[in-house]
Amino acid sequence: MSEVKLAAETRTEFGKGAARRIRRDNKVPGVLYGHGSDPLHLTFPGHDLLLALRTPNVLISLDIDGKSNELAIPKSVQRDPLKGFLEHVDLLLVKRGEKVTVEVPVIAEGELAPGGNLLEHVLNALPVEAEATHIPENFTVSVEGLQAGASVHAKDVKLPSGVTLAVEEDAVVLQVLAAQAEEAPEGEEAVEGEAGEEAAAEA
């Protein structure tokens, strides 16, 4: 997995007003926590953080105030629901060699069997345990030729060496649903029939 270097500054101002001032300066407030240490309140450069977070479970090498370096992974990211800009980020402190539990995105590839069936992502991301510096960016699963009723379970997903499931092996990740038959004409006839009965009753 990729490792991204990011500068961070400690902050002493808190609350909504302080957060707005930070964001006006194109920066993002956040918190670094983990390993039983007190939460460390930080400010990150907005554009650099946005680029880093494009990679799921990215490993971030933090340069804090130019004095210390820490490794962290994103745990919670808050975005503005309308404009999408970053509002706040929580980072989890990690160490090389340490095992962490994360959710890794699942990507389906291939074409289903003919018939207009639908592929449902029951789990968009698969919970796994991995070494903090070797977290997979995603898992690719082939659905080529799968028929209606077929399922892909967690145990069917090929995991890299050192990565283990953090969910039941039989948990359904993907499933193929049968194509729905068109029922609109029948429904329209039923509505028309009810309307005719109401008109007759009123007469």
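## Strand pairing and the barrel

Two strands are taken as paired if DSSP finds at least two bridges between them. In this predicted model, threonine 10 has leucine 42 of S3 as its bridge partner. Strand S1, covering residues 3-10, pairs with strand S3, covering residues 37-45, in the antiparallel sense over two bridges.

These two strands belong to a closed barrel of six strands, which runs in the order S1-S3-S2-S6-S5-S4 and has mixed pairing. From one strand to the next, the twist averages 45 degrees. Helix H1, made up of residues 16-24, packs on the sheet and touches strand S2 (27-34), strand S3 and strand S6 (86-94), while the direction of H1 makes about 120 degrees with that of S2.

## The surroundings of glutamate 131

Glutamate 131 lies in strand S9, which spans residues 125-131. The residue is buried yet has no salt bridge. The nearest side chain of opposite charge is that of arginine 96, at 6.7 Å; because a salt bridge requires a side-chain nitrogen of Lys or Arg within 4 Å of a carboxyl oxygen of Asp or Glu, this pair does not count as one.

Polar contacts of the glutamate 131 side chain are made instead with two residues that follow in the sequence: the side chain of threonine 133 is joined to that of glutamate 131 by a polar contact of 2.3 Å, and the side chain of histidine 134 by one of 2.6 Å. When residues up to four places away in sequence are not counted, glutamate 131 touches Lys95, Arg96, Gly97, Glu98 and Lys99.

Conventions: Residues numbered from 1 in each chain as written. Predicted model: local features only at pLDDT ≥ 70, side-chain atom pairs only at ≥ 80, totals over all residues. Heavy atoms only, no water. Helix = DSSP H or I, 4+ residues; strand = E, 2+ residues; numbered from the N terminus. Axes fitted to C-alpha atoms, helices over the stretch in contact; angles between N-to-C directions. Contact = heavy atoms within 4.5 Å. Buried < 20%, exposed > 50% of the residue type's maximum accessible area, 1.4 Å probe, protein only. Lys, Arg positive; Asp, Glu negative; His and termini not counted. Polar contact = N/O pair within 3.5 Å; in protein donor to acceptor, adjacent residues only side chain to side chain.
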